[in-house]
Amino acid sequence: MPLIQYSTHEIECKVIYYGPGLCGKTENVRYIYNNTNPESRGQFASITTEKERTLFFDFLLLYLGNLSGFTLKVNLYTIPAKTFYEESKRLIINGMDGVIFVADSQVARMDANIESMENLKKDLSLLDTDLNYTPFVLQYNKRDLPGIMPVDEMNRLLNPAGIPAYESVAQKGEGVFESLRGVTDQVIVKLHNYLLT
């Protein structure tokens, strides 16, 4: 649920990037940081290993303008794939308002994608959150590599509900802002409806 501060007229939302290890979650957030007006973003914080694997999480604050007289802020977090960070993962996920699931398009990584999707559902259920009622998009990353799975097959395995899915090459920025816009549009609609009630 978003944090609404009536005294300062600010709304703060949380969007998480979830997916298997090395799928491109950090690349997404880094690209957004590098290609957003400095006046529209905060600092990019990342704690990674020497091999560029996210150790704890990445974080970026974006300012998305105004909604019904409130300044809208979106906190972007990446969730580490390592299972020994289960408690940390749930702390970051708790209170989130939207999810971008980043899937690795390589055929050899499909089992990891499926396992990560199951982990997402499990993590959310432990927090009494239903993915079916959460702003949610899929991003099929690394579409420029050889040995990738056709989108139709990825949809069959990962997206039977037919939620919005975007092809991407996060390192080049392809599909990055489209995925972010896809989930933030859903968050804003939900927020707008909430503010009207």
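**View 1. Helix 3 passes helix 4 in a right-handed crossing.** Let's start close in, on a pair of helices in this predicted model. Helix 3 spans residues 110-126 and helix 4 spans residues 151-158. Their axes lie 10 Å apart, and the two helices pack at an angle of about 35°.

**View 2. Side chains and backbone where helix 3 meets helix 4.** From helix 3, the residues to look for are Met 110, Asn 113, Ile 114 and Met 117. Across from them, helix 4 offers Met 154, Leu 157 and Leu 158. Sorted by class, this contact has 6 nonpolar residues and 1 polar residue, with no charged ones.

**View 3. The second largest pocket, with a volume of about 280 Å³.** Which residues lie nearest the centre of this pocket? They are Met 1, Pro 2, Met 96, Asp 97 and Lys 190, out of 18 that line the second largest pocket. Helix 5, residues 176-196, gives the largest share of the lining, with 4 residues. If you are thinking about chemical character, the lining has 12 nonpolar, 4 polar and 2 charged residues.

**View 4. The whole protein chain, with its 5 helices and 8 strands.** Stepping back for context, you can trace the elements from the N terminus in the order β-β-α-β-β-β-α-β-α-β-α-β-α. Along the principal axes, the C-alpha atoms fill a box of roughly 50 × 35 × 30 Å. The radius of gyration of the protein chain is 16 Å, which agrees with the value near 16 Å for a compact globule with 197 residues.

Key: Residues are numbered from 1 along each chain as its sequence is written. This is a predicted model: local features need pLDDT of at least 70, side-chain atom pairs count only at pLDDT 80 or more; totals for chains, interfaces and linings use all residues. Side-chain values use heavy atoms; hydrogens and water are left out. On a 1 Å grid over the protein atoms alone, a cavity is a set of points where a 1.4 Å probe fits but cannot get out, and a pocket is an open set with protein on both sides within 12 Å along at least five of seven lines; lining residues have an atom within 4 Å of a point. Grid points are joined across faces, edges and corners, and a volume is the space filled by probe spheres set on the points. Ala, Val, Leu, Ile, Met, Phe, Trp, Tyr, Cys and Pro count as nonpolar, Asp, Glu, Lys and Arg as charged, and the others, Gly among them, as polar. Axes are lines fitted to C-alpha atoms, for helices over the stretch in contact, and angles run from 0 to 180 degrees between N-to-C directions. A crossing is left-handed if the near helix is turned anticlockwise from the far one by less than a right angle, and right-handed if clockwise. Contact means heavy atoms within 4.5 Å. The radius of gyration is taken over C-alpha atoms; the globule rule is 2.2 Å times the number of residues to the power 0.38.
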